[in-house]
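Subject: Structure handover

Hello,

Please find the structure below. My notes on it follow.

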Amino acid sequence: MGYLSETGNEIYREATLAVKPLLIIIVYVLIGLLPALANTGEGVSPHAGVSEKSSHNFIGSPSDDSLVTQEIEISIRETAAGYMLFVPDVIYIKKGSTVRFVITNTGAMYHEFYLGSFEEIQQHEQWMRSHPDMSHVDQNAVAIPAGETAELVWKFSVETNLEFVCLIDGHREAGMWGVIIVHDHVSGSTAR
Ligand SMILES: [Cu+2]
């Protein structure tokens with residue numbers, strides 16, 4: 001699901017990197033095709049309905065506040081040098097834990113916390129480049145306006161490495177990403 005538009009975007013991106021006239025013509029043809037691809041519904045966004053997809057299970061699932069076994073606090077910081085950071089940016093979680101992330105935005109800008117696999121986030125970023133005004137809030141993401149705190153409850157049922165990121169244009173490049181390591185033998189504390 002969503003492969004049509006992803007493939008379209010990839011072709012589009014590759015093509016726009018080239019400068020040969022023939023390729024430019026191909027780009028125009030593809031631009032004409034993109035709306036048709038987007039109209040296939042789920043092709044609109046790689047993360048549309050992401051939580052309902054079976055392929056999403058490997059990153060875990062949304063869960064209820066009453067089932068939380070661990071709370072992890074993350075703060076978002078903007079530095080004078082222009083970096084935007086999640087602190088901590090490496091988090092260890094024991095498999096089977098239901099975690100409440102409490103994310104506080106200490107900066108002056110709007111940020112988001114998006115949880116996903118490295119592959120999913122990469123696909124999402126490609127899609128984002130052509131939809132910069134899109135908000136990414138889904139069951140695996142929360143919006144955190146400046147000065148506010150938001151929570152996300154997630155059950156980690158599979159041993160895996162995941163990524164959390166702010167998908168606002170340029171923020172990942174400014175440092176807004178981190179890694180979650182889900183293993184069966186960690187103590188469940190956060191660490192750097
Ligand atoms: Cu951000």
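I start with one residue, His-183, and work outwards. His-183 is partly exposed, because 14 other C-beta atoms lie within 10 Å of its own, where 20 or more would make a residue buried and 12 or fewer exposed. Bear in mind that this is a predicted model.

His-183 sits in strand E10, which covers residues 177-183. Leaving aside residues up to four places away in sequence, His-183 touches Tyr-92, Lys-94, Lys-95 and Glu-159. Gly-96 is 87 residues from His-183 in sequence, yet the two C-alpha atoms are 9.1 Å apart in space.

Confidence

The mean pLDDT of the protein chain is 75, and 64% of its residues reach 70 or more. Among the elements, helix H2 (residues 21-38) has the lowest mean pLDDT, 41, and E3 has the highest, 98. Over residues 1-55 the pLDDT stays under 50, and for that stretch the model has 55 contacts beyond four places in sequence. Where pLDDT is low, the predicted coordinates should not be read in detail.

Overall make-up

The protein chain has three helices and 10 strands. From the N terminus on, the order of elements is α-α-β-β-β-β-β-β-α-β-β-β-β. Of its 192 residues, 29% count as buried. Among contacts with a separation of 6 or more, 80% are between residues 24 or more positions apart.

Strand pairing

Strand E10 pairs with two strands discussed here. With strand E4 (residues 90-94) the pairing is parallel and runs over five bridges; Ile-93 has Val-182 in E10 as its bridge partner. With strand E9 (residues 160-165) the pairing is antiparallel, over six bridges. There, Glu-163 stands opposite Val-179 in E10.

The two faces of E4 differ in cover: Ile-91 and Ile-93 are on the covered face, while Val-90, Tyr-92 and Lys-94 are on the uncovered one. Of the latter, Tyr-92 and Lys-94 are among the contacts of His-183.

There is also an open sheet of five strands, in the order E1-E8-E5-E2-E3 and with mixed pairing. Its edge strands are E1 (61-62) and E3 (84-87), each of which pairs on one side only. Within this sheet, strand E5 (residues 98-105) and strand E8 (residues 149-155) pair in the antiparallel sense over seven bridges. Thr-104 has Thr-149 in E8 as its bridge partner.

Glu-163

Is Glu-163 buried or partly exposed? Glu-163 belongs to strand E9 and is partly exposed, because 19 other C-beta atoms lie within 10 Å, and the cut-off for buried is 20 or more. Beyond residues up to four places away in sequence, Glu-163 touches Gly-116, Phe-118, Ile-121, Trp-177 and Val-179. Gly-116 is 47 residues from Glu-163 along the chain, and their C-alpha atoms are separated by 5.6 Å.

Helix H3

Two of the contacts of Glu-163, Phe-118 and Ile-121, fall in helix H3 (residues 118-129). H3 has 12 residues and reaches 17 Å from its first C-alpha to its last, close to the 16 Å expected at 1.5 Å a residue. Which residues of H3 are buried? They are Glu-120, Ile-121, Gln-123, His-124, Trp-127 and Met-128. These cover an arc of only 160 degrees around the axis, so they lie on the same side of H3. The face turned away from that buried side carries the exposed residues Glu-119 and Arg-129.

Nonpolar core

In soluble globular proteins, nonpolar side chains tend to be buried together. The largest nonpolar core in this model has 32 residues, and those touching the most other members are Phe-101, Phe-113, Tyr-114, Leu-115, Phe-164, Val-165 and Cys-166. Leu-115 touches Ile-59, Asn-140, Ala-141, Trp-154, Leu-162 and Phe-164, again not counting residues up to four places away in sequence.

Regards

Note on methods: Residues are numbered from 1 along each chain as its sequence is written. Helices (H or I, at least four residues) and strands (E, at least two) are DSSP runs, numbered from the N terminus. Two residues are in contact if their C-beta atoms, placed from the backbone, lie within 7 Å. Two strands pair if DSSP finds at least two bridges between them. pLDDT is the predictor's confidence in each residue, from 0 to 100. A nonpolar core is a set of buried Ala, Val, Leu, Ile, Met, Phe, Trp, Tyr and Cys residues joined through C-beta atoms within 7 Å. The expected span of a helix is 1.5 Å times one less than its number of residues. The arc is that of the directions from the helix axis to the C-beta atoms.
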